[in-house]
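Reader: I should like a close look at a single part of this model. Please describe that part in detail and then set it in the context of the chain.

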Amino acid sequence: MFDSFLLAFTALFSIVNPIAMALIFSQVTAERSPKERAQLATLVAVYSAIVMLTALWAGSYDFTPAPFILVPQPTPIRLTSVISL
């Protein structure tokens, strides 16, 4: 289990890249007060948690189409030639 955690953690760490995101956050919020920065950081954390939990929940379902759903078939292409003199 610890091996799986390390594998997932390193993959997410490289995707999210928190060191670069911290630098971007500090530059974007440089002119805001410390209270506003804390509120914004809290909102970012809450929204990120919601997105990750939604992806975790939705990823556990199989979204393959049911066999009774009719998928439209592509229509054949008819090539016609027009000769104009």
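Author: Immediately after α1, Asn17 adopts a positive phi of about 55 degrees. Asn17 thus belongs to the residues other than glycine with such a value, and most residues other than glycine have a negative phi. Asn17 sits in the loop between α1 and α2; helices here are DSSP runs of H or I with at least four residues, strands are runs of E with at least two, and both are numbered from the N terminus. With a relative accessibility of 33%, Asn17 counts as partly exposed, since buried means under 20% relative accessible area, exposed means over 50%, and partly exposed lies in between (1.4 Å probe, protein chains only).

The model is predicted: local features need a pLDDT of at least 70 and side-chain atom pairs count only at pLDDT 80 or more, whereas totals for chains, interfaces and linings use all residues. Residues are numbered from 1 along each chain as its sequence is written, and side-chain values use heavy atoms, with hydrogens and water left out.

The helix that precedes Asn17 merits attention. The 15 residues of α1 should span 21 Å at 1.5 Å a residue, and the end C-alpha atoms are 21 Å apart, which agrees; the expected span is 1.5 Å times one less than the number of residues.

On the surface, Phe2, Phe5, Leu6, Phe9, Phe13, Ile19 and Leu23 form a nonpolar patch with about 750 Å² of accessible area together. Such patches consist of residues with over 30% relative accessible area and no salt bridge, where nonpolar side chains (Val, Leu, Ile, Met, Phe, Trp, Tyr) are joined within 5 Å and like charges within 9 Å. A salt bridge is a side-chain nitrogen of Lys or Arg within 4 Å of a carboxyl oxygen of Asp or Glu. Areas follow the Shrake-Rupley method with a 1.4 Å probe, and for residues only the protein chains shown count as cover. Both α1 (2-16) and α2 (18-28) supply at least two residues of the patch, and α1 gives the most, with five residues. Leu6, found in helix α1, is partly exposed at 37% relative accessibility.

The aromatic side chains can be described by ring pairs, in which the ring centres of Phe, Tyr or Trp (its six-membered ring) lie within 6.5 Å; planes under 30 degrees apart are stacked, over 60 edge-to-face, and the rest tilted. The count comes to three aromatic pairs. Phe9 and Phe13 form a tilted one, at 5.9 Å centre to centre and 35 degrees between the planes. These two residues are four apart in helix α1 and therefore separated by about one helical turn. An α-helix has 3.6 residues a turn, so residues three or four places apart point the same way. Phe9 is partly exposed at 44% relative accessible area, as is Phe13 at 39%. Ring pairs link Phe2, Phe5, Phe9 and Phe13 into a cluster.

As for the whole protein chain, its secondary structure comes to three helices and zero strands. Of its 85 residues, 1% count as buried. The chain averages a pLDDT (the predictor's confidence in each residue, from 0 to 100) of 80, and 73% of the residues score at least 70.
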